[in-house]
Amino acid sequence: MELLIKNGFVFDPLNGINGEKMDIAIKDGKIVESIPERKGKKIDATGLTVMPGGVDIHTHIAGAEVNTGRLMRPEDHIKDTERKTALTRSGVGYSIPSTFTTGYRYSRMGYTTIMNPSMPPLEAKHTHEELNDTPMVDKASYPLLGDWWFVLEYLQKGDLEECARYVAWMMNTSKGYAIKIVNPGGLESWGFGRNVHSIDDQVPNFCITPREIICGLAKVNKMLNLPHTIHLHTNNLGLPGNYVTTLDTMRALESVATDGKPVAHITHLQFSSFAGDGWGSMRSGAEEISKYINTHSHMTFDMGQVIFTDTTTMTADGPFEYTLYQLSGHKWVNSDVETETSGGIIPFHYKRNNAVNATQWSIALELALMVDDPWKMFMTTDHPNGGPFTAYPKIIAWLISKKARAATLKRTHKKAQKKSLLPSINRELSLYEIAIVTRAGQAKALGLKNKGHLGVGADADVAIYNVNPEEIDIARKYKTVRRAFRHAAYTVKDGKIVVKDGEVVQHADGRTMWLNVQTAEQVKIDDEIKRKFKEYWTVEYENYPVTDHYLKISDPITIKADV
Ligand SMILES: [Zn+2]
């Protein structure tokens, strides 16, 4: 199996390649130095842009909350349907598409790896079954561990090593990839109808604070040598004035960062960067937040861009979804997952002529443009919370073109226009920087060594777009670029051409990556843990672990830790 991609403009930031005209050689699913030209297949990429396959660090595409969202929103199915073809299956859904449709749509945009960020371990089997069903892309999932009773108990006791062993056990048991923390302490409080409001509030019954959970798990993450950092949804998310909590959180994590490497990833930062002391005075906190980020290097982030559209919000942050229900009055779902987490779902329509929504739209772009280093801030919508992932080409247009931003801004609420920092920002990202924020940076932050680049040995995941950087000024011709990123000229997955001219031409299954964390000592699976399962969970211990049987194509990554 050989493939030669000839003469494209290659953007491969992890290898410092910035638009050079060159060939990419592929053999047996991997990038290689060269192949004899006359032998295998060829793609003539003359005049086209070549990048590594897209990597999405945070997108809700599988599991209980996504599926409950599908169930509660029949109107979302009618709006958007996919016809069956000779190769592909039919599907429905605009903001919460069915599994096959999700895979096809990502692949058509040149994406090859996507990370499902929010998995209650109790729902892990279902999550993996849906991931199996999502074709065309490699994928992984982050178990929610910030409010898991075992974590709270051992952190409270100050026993970091035992906490680390439990986290390792849970990674193996749920077949997870990273430690997800959502509104730490707030979800446990929500079980009693309460919440926490700062990183120093007490969590009921556990004598612990969000600060101790965040820093404790960041230390555990380091002790276990996990490839990604902790993946954090901050306290007070979605509330006016919360940028102060976000700054407190980032400062707290300075104490864990001792070797200059990132120790945490704050996800969908837009939702955590509100200033003002009420909805009437709500404004952007992007200036304060980006100033901090520009002078520190212990964290990475993603945008959580808002799109003006009808979407479905879903998060483990049950109390936040309750707030959103009170604001909107829409139908809603809220749930409690015993000993682990909470969850909520509510449909939401972000409107241009709503001052708060328009300010949110502006905040995400302000953050992306005011954070100087693109290796710190990645492109997401927190699909489907800020809007569906299919809007990525729109965001690319806003990032590369001041003109594109101005065209949208002038149609938003007058109050939001006046408050927006965008008119004062001249920065326009280059294609090289777009390659960082949509693949290279995300792969690096995730510790995915074979992804996000086109160096020898990398997975042969490649995206080719119909953009000729020598011929067009991308900032001026942003509509051409937007169109190109919507329908990749080619998507190559593991060396196979799976998309051509925006259409799926070959099926691929994609693998499920997970961490096989091997610790020096192991958690004791004794009568005590089994008794806890009997008392606190709705399942017996024996039925809890996700075995290999639940994974279609299992891709374990072995990690060794000295605890
Ligand atoms: Zn999310």
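**Exercise 1. Which residue in β3 is the bridge partner of Lys27?** Work it out on this predicted model, then trace the hairpins around it.

*Solution.*
- Start with the pair itself: Lys27 has Lys30 as its bridge partner in β3.
- Now zoom out to the strands. β2 and β3 (residues 30–32) are antiparallel and share 3 bridges.
- Check the turn next. The hairpin of β2 and β3 has 2 residues between the strands, and Asp28 there takes a positive phi near 50°.
- Go back one strand. β1 (residues 2–12) and β2 (residues 17–27) also run antiparallel, joined by 9 bridges.
- Pick a pair to get your bearings: Leu3 sits opposite Ile26 in β2.
- Finish with the other turn. With 4 residues between the strands, the hairpin of β1 and β2 has Gly16 at a positive phi near 70°.

**Exercise 2. In what order do the 5 strands of the open sheet lie?** Find its edges too.

*Solution.*
- Read across the sheet and you get β11-β12-β13-β16-β20, with parallel pairing.
- The edges are β11 (180–182) and β20 (377–378), since each of them pairs on one side only.
- Take a closer look at the β11 edge: 3 bridges link β11 to β12 (residues 230–233), in the parallel sense.
- One of the pairs to click on is Val182 with its bridge partner in β12, His233.

**Exercise 3. At roughly what angle do the axes of α6 and α8 cross?** Do the same for α5 and α8.

*Solution.*
- Two numbers do the job here: packed helices are described by the angle between their axes and the distance between the axes.
- For α6 (residues 160–174) and α8 (residues 210–223), the axes come within 9 Å and cross at roughly 70°.
- An angle from 65 to 115 degrees counts as roughly perpendicular, so α6 is roughly perpendicular to α8.
- On the α6 side, the contact uses Leu160, Glu161, Cys163, Ala164 and Val167; on the α8 side, they meet Gly216, Leu217, Lys219, Val220 and Met223.
- Sort those contact residues by class and you have 7 nonpolar, 1 polar and 2 charged.
- Now for α5 (residues 149–157): its axis comes within 10 Å of that of α8, crossing at roughly 95°.
- That makes α5 roughly perpendicular to α8 as well.
- Val151, Leu152 and Leu155 of α5 touch Glu212, Ile213, Gly216 and Leu217 of α8.
- The tally for this contact is 5 nonpolar, 1 polar and 1 charged.

**Exercise 4. Which element gives the largest share of the lining of the largest pocket?** Then size up the other empty spaces.

*Solution.*
- The answer is α16, with 4 residues.
- The largest pocket holds about 660 Å³ of space. Of its 27 lining residues, Pro227, Thr229, Lys261, Pro262 and Lys444 are closest to the centre.
- By class, that lining splits into 11 nonpolar, 8 polar and 8 charged residues.
- Move on to the second largest pocket, at about 400 Å³. Its lining has 29 residues, and Phe320, Leu324, Phe348, Tyr350 and Gln360 lie nearest the centre.
- Here α11 gives the largest share, 4 residues. The classes come out at 12 nonpolar, 14 polar and 3 charged.
- Last, the enclosed spaces: there are 5 cavities of 30 Å³ or more, and the largest has a volume of about 60 Å³.
- Residues lining that largest cavity include Met303, Asp373, Arg427 and Val437. The whole lining has 8 nonpolar residues, no polar ones and 2 charged.

Notes: Residues numbered from 1 in each chain as written. Predicted model: local features only at pLDDT ≥ 70, side-chain atom pairs only at ≥ 80, totals over all residues. Heavy atoms only, no water. Pairing = 2+ DSSP bridges. Axes fitted to C-alpha atoms, helices over the stretch in contact; angles between N-to-C directions. Parallel < 35°, antiparallel > 145°, perpendicular 65-115°, else oblique. Contact = heavy atoms within 4.5 Å. Nonpolar A, V, L, I, M, F, W, Y, C, P; charged D, E, K, R; others polar. 1 Å grid on protein atoms, 1.4 Å probe; cavity = no way out; pocket = protein on both sides within 12 Å on 5 of 7 lines; lining within 4 Å. Points joined across faces, edges and corners; volume = space filled by probe spheres on them.
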